[in-house]
Amino acid sequence: MDVYVEAKGRKKTEDKFDLPQGTLDLLIMRVVSLGPIHGYAIAQRIQQVSREALQVQQGSLYPALHRLEYKKLLSSHWKPSETGREAKFYELTAKGRAHLKIESENWTRLTDVVGLILKGTVEGL
Amino acid sequence: MSWLRRLFTHKQLESELDRELRFHFESQVADKVRSGIAEGEARRLTRLEFGGIEQIKEVCRERRGTLWLESIARDLRYGVRTLRRTPGFTAIAVVVMALGIGANVALFTVVRNILLKPLPYHDAGRLVSIYERDLRPGHPEWSPYLPVDAGSAKEWQQAAQGMAEMAFVSPWQQYNVSAEGGKLPERIDAAWCSWNFFPLLGVEPALGRVFSADDDRPDAAATVVLSYSFWKQRYGGDPAIIGKSIWLNSSPYAVIGVLPRQFFYSTKMWDTHIQAWTPLMREAPGSLLANYEDHEFLVTARLLNGTTFPVLIDRLRAVQKRIVAAHPKPAVHDSVAGMPMLDDVVWGYKTPLYALLAATGCVLLIACMNVAGLLIARTAARAREQAIRNALGGGRLRLIRERLAESTILSVSSGLLGLALAWIGVRWLVHARQDMPRVENIHIDGVVLSFAAGAIVLCTLFAGLIAAASSVNTRILSALHESSRTHTGGRAKAGFRRALLVAQVGVTVVLLVGAGLLLRSYERLCGVDLGVPVDNVLTMRVSLPVVQYSKPEQCVEFFEELIARVRALPGVNAAGLVSTPPGEGWGGDDVMSVVEHGSPNQQGTDMMVRGADPGYFRAIGIPLLSGRVFRGDERLQRANVAVISQAAARVFFPHENPIGKHLRDDFSGQVVEVVGVVGDTRWYPSALPQPTLYWPIYGNDYSVATIVVRSTRDAASFALPVEKIVADLNPNLPVSDVMTLRESLHSTNLSYEFNAVLVLTFAFIALVLAAAGLYGVLAYLVTQRTTEIGIRIALGAQRRRLIALILTDGLWPALLGLAVGLVASGTIVRLIASMLYDTQPLNVAIFATVAGVLMLIAVVACLVPAWRASRIDPLQALRME
């Protein structure tokens, strides 16, 4: 997935970096797992939680949401938002919850291992 | 939600997507406003951050998984729209391809039903037909497959035990069915068969039973099995017929069964519908059954447990070698040949049908190439649009898909039209060619429909991909340049079309050559001299049942009375009797030798034998060359005189006068004196005249005769009066095979005419398409070069030289195609050699004519655009940019 996320406060040339495959999905699912939420709020939440480091572009967010919904990891329904306007709220399905659990564990393991190697001494390698 | 449902809820999904994104947008704007930015500025900033909202939607659609279907639908919609914009082009393309597809599907239907479908018998793949053959010199080469004598057949059956089961049929039998219950008497085609014939084929009767071994004995009661159509037609499909008796040749036969409707029997030797079957051993005279020289039977065998066909044939050849050693007579054949029964049934139809299918294939190919050419031209005309789209990031694949969508629409609509045409075509074919075996079962079925679908897919891919291939190569910049200022534009693309044209012209040439050869064969055949004038001659057959006319005197008396009364009819110029008139079949042959030339054991020579009355020669118009014809009193015991044909005189009496010499029938021992020599006739239009002997039909055991009536006016009008005379003499006698000599000629020439006309039609279509292609490419080139030509004219180029320039440009592919086509024809025509009559496959005149016609058409097709180019007004041309 050619998702990129802009990191704020840096120079334009450096602020684009590729999120590893599937990472955005993971972030989205994590945010959605906290309760029904609409697309705009998801973007806001990721931005806040990452302390403004990550800004998810609409062009990446919505295709990802639609794909997750198509894969039946998310379900959606329309209801009034906090401003009173109708918005599309996403929710994790049972399948999505299971998927999130596995993927989070995988991610943790992967980053641990990668970190281990990157920080390891020459002798350790 | 399945993708299918998503597709159908397309509208709703789209509006939801729109609402969702809009909500996001508005929320973002609202946040900005809250943080103190003015609303207008907030919107602008948000829009900047958002990027293209349509792009986001597109990616979402893609992720949704229905895009491929949606885009196909869209491509098709575009395709329909573009095609509708040029109705002329669309109509031409559709009609051209529909003709091609229709012809192919129709021919394939025929090929499948006649050549490919297994015979309607049990395990038909194991059924074979076995014939005799004679490898010794001097035997007529016209047929490597000869019918079998009962003696050999019996020995074969013994020898093949455990390898194959054999059944015997003698299909050239006829019976007179007596008038009964208000029905007219009728003469029917019948066959004798051994009792195991139907079980061997695995045919179950529709009604009653088939023969048992007990029916198939000389002393058995008379039984008959009827064909379905005869039962329907004469007995109204009455099931109570089983067990009743019908009168055949004035004797009662018990009807024991009716064959199923789909049953049919046909071989290369016999393709007339057999209306009744009788058991062989009961019907055939004993003398015939122990005989090795009288070849009256066809053998059908079923290969048993793993025996292969060559093994069986080898075994039988060994047997036949023994037989010919034991019976060293010229009429005993020395070898055996055979073929799968299916090949036997479709004998003589295989090559022509495959040739026709190949011809229709060529037409379709040409049609596809034409449509591809047209699509290329349209693509080329839109080169700038394509280049711009390309520059803006339109994928190449997308462009190919659009071409394919267009060709899909064209192919599918022409396929549907083609199917309709094929349906009509098949109906016509069935109607026009009742002579073909299994023709009554021809219909369009699932396999044919799949064939049609395959043809449509092939057309789509062929036309679409060629067109697409030529557009994809476009270099963006050069395309943009080309269509603006470079004036030799579009030449590379035309190169592609030219290559297509070469192929197209080549195929057309092959078709034209084939058509030319077939047409010439047909013309040769129509020009064949039967040996007699064919106009205003009516022939009709009467046959006297042996039971009622057991003594020769009775037959002679009847015939004499009959012909005298026919001659007395007003308007009849001359009338005669003959056993078989010219052009109406083999009629019978015998081995004869010249008495004056030596010992009785000397090998005789085969010749045709005919019975004739004294008036026959004048009536049919065979010229008397020397001596005399029969006299009225040369009848019965005094019927031992003969008139021979010129060919017979040449063969039997090379350097002497045949008059007064004697011929002996090697089979019966009868000796006849030659009293006259008459002109040659042909027994079949495409067969060479055979040596023929005529002897008096009054005597010599003739109970069947053909009445020949010659008049100065329409001979067909005598059918009724003559039938009346016959009914007057004996109300139970049927009259059969009523036709004029010209009709019978026409029916035998039918297949030649049919092939020639069809292939000529295809060749004509191909020629028109090729001409259209030539014209199209050149016209396109001229349009592309308008500016250049304008400049040339402005600079003083002569119009005549311009014409020559353009003309050579256009004629090149035609010349090249012509060369390719002529070379290809040289090899291909050999394949249709068996369909030709008296025509060499490599006929220089035909090849030259085809070359001439093609070049003429090509010049005409190219002249129009060339002339138009020379009329270009330089000012106009330059202003056009």
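Visitor: What do the buried residues of α20(B) pack against?
Guide: In this predicted model, the buried residues of α20(B) pack against three elements of chain B, namely β13 (572–578), β21 (704–711) and α23 (719–729).

Visitor: And which residues of α20(B) are the buried ones?
Guide: They are Cys555(B), Val556(B), Phe558(B), Phe559(B), Leu562(B), Ile563(B) and Val566(B). Looking down the axis of α20(B), one finds these buried residues within an arc of 160°, so they line one face of the helix.

Visitor: How many residues does that helix have, and what does it reach end to end?
Guide: Helix α20 of chain B covers residues 552–567, which makes 16 residues, and from its first C-alpha to its last it reaches 23 Å, close to the 22 Å expected at 1.5 Å a residue.

Visitor: Switching to the contact between the chains, how many residues does each one put in?
Guide: Chain A contributes 13 residues and chain B contributes 16 residues. On the chain A side, α2 (39–49), α3 (58–70) and β6 (86–92) each supply at least two residues, and the largest share, seven residues, comes from α3(A).

Visitor: What kinds of residues are on that side of chain A?
Guide: The side of chain A that touches chain B divides into five nonpolar, five polar and three charged residues.

Visitor: What about confidence, where does pLDDT stay under 50 in chain B?
Guide: That happens over residues 483–489 of chain B, for which the model has 11 contacts beyond four places in sequence. Where pLDDT is low, the predicted coordinates should not be read in detail. Chain B as a whole averages a pLDDT of 85, with 93% of the residues scoring at least 70, and the predictor gives the complex an ipTM of 0.80 and a pTM of 0.72.

Definitions and conventions: Residues numbered from 1 in each chain as written. Chains lettered and ligands numbered in written order. Predicted model: local features only at pLDDT ≥ 70, side-chain atom pairs only at ≥ 80, totals over all residues. Helix = DSSP H or I, 4+ residues; strand = E, 2+ residues; numbered from the N terminus. Expected span 1.5 Å × (residues − 1). Buried ≥ 20, exposed ≤ 12 C-beta atoms within 10 Å, placed from the backbone. Arc of directions from axis to C-beta. Contact = placed C-beta atoms within 7 Å. Nonpolar A, V, L, I, M, F, W, Y, C, P; charged D, E, K, R; others polar. pLDDT = per-residue confidence, 0-100.
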